[in-house]
Amino acid sequence: MTVGQVIMIVAGAALVSAGVWMLIRARGGDEQSRSEAKLGGFGVSGPPGLVLTLVGVGMIVFPLSPWWPAPSTPSAVADPTNTSAPDPTTTSSVDVLRFEAEDASLVETIAARSDPTASGGAYISAASDRGAARFEFDASGGTYVVWARVSQPEPADPTRTDFNDSFVVVMDGSTPDIWDYFEGEGVVHKQWTWDRISLRCGGTFELHYCDPWEVTLTPGEHTLVLNAREADARVDVVVITNDLDYEPTGAG
């Protein structure tokens, strides 16, 4: 019951009480006097007490009748203070995007080189510290990691104990950062081995603060770039995935 209905019923009850009181106390000529009132378009005439009583009854009955207007249900109104929006990075599907490194867009001095033990019989490496490999892809969105199938070649200088095994990584024009294979763990992988890319992020060759490197991508087109840093650092296959539990095996 609405507030309007309650008010009208109370007012009707008051009129009924007044009308009944006037009918009881009516005298002589007062009983012959007439009055008129209108309710809902209908006229009511007669002795004042009777008129008040009928009007009061009508005011009591009308709010309880089917003719009383039903309360309207307010339509939903956008809250202007609500600035929340769907997260464009929310993962809508699982991506496991696999690329043969030699199929990337290559910039000298990075080039494809033959190796029967590599996936597809080829891999990429640079002849110096110049060049780039660009991998363009469509992402569903979410948090991604990058895996690469890599190997560390024997150094040309036998007196050296270190290996050429790093690239500079950029995603969609991000700040370039260094990826050292296997975070300088001290183990040499001369055979093709999967490494989940990690970045120094202000750390050192042996201590990567971004391990693994996780990047948030919106749905749509993106570009991963591996920039040459050391000659003959080798990459066979690249996998970009938003399945953080995925781990490639074999040739991926």
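**Close-up 1. The salt bridge between R149 and D236 in the predicted model.** The side chains of R149 and D236 meet in a salt bridge, with a nitrogen-to-oxygen distance of 2.6 Å. R149 belongs to strand β8, which covers residues 142-151, and D236 belongs to strand β14, which covers residues 234-241, so this pair ties together parts that lie 87 residues apart in sequence. Both partners, R149 and D236, are buried.

**Close-up 2. The salt bridge between R98 and E100.** Here the side chains of R98 and E100 form a salt bridge in which N and O are 3.1 Å apart. R98 is partly exposed, its relative accessible area being 36%, whereas E100 has a relative accessible area of 14% and counts as buried because this value falls under the 20% limit.

**Close-up 3. The salt bridge between R134 and E136.** In this view R134 pairs with E136, and the closest N and O atoms of the salt bridge are 3.7 Å apart, a distance that is accepted because the criterion asks for a nitrogen within 4 Å of a carboxyl oxygen. R134 is partly exposed at 35% relative accessibility, while E136, with a relative accessible area of 53%, is exposed.

**Note to the three views: salt bridges in the whole structure.** A search of the whole structure finds 5 salt bridges, among them R149 with D236, R98 with E100 and R134 with E136. Side chains that carry opposite charge can pair when their charged atoms come close.

Notes
Residues are numbered from 1 along each chain as its sequence is written. This is a predicted model: local features need pLDDT of at least 70, side-chain atom pairs count only at pLDDT 80 or more; totals for chains, interfaces and linings use all residues. Side-chain values use heavy atoms; hydrogens and water are left out. Buried means under 20% relative accessible area, exposed over 50%, partly exposed in between (1.4 Å probe, protein chains only). Helices (H or I, at least four residues) and strands (E, at least two) are DSSP runs, numbered from the N terminus.
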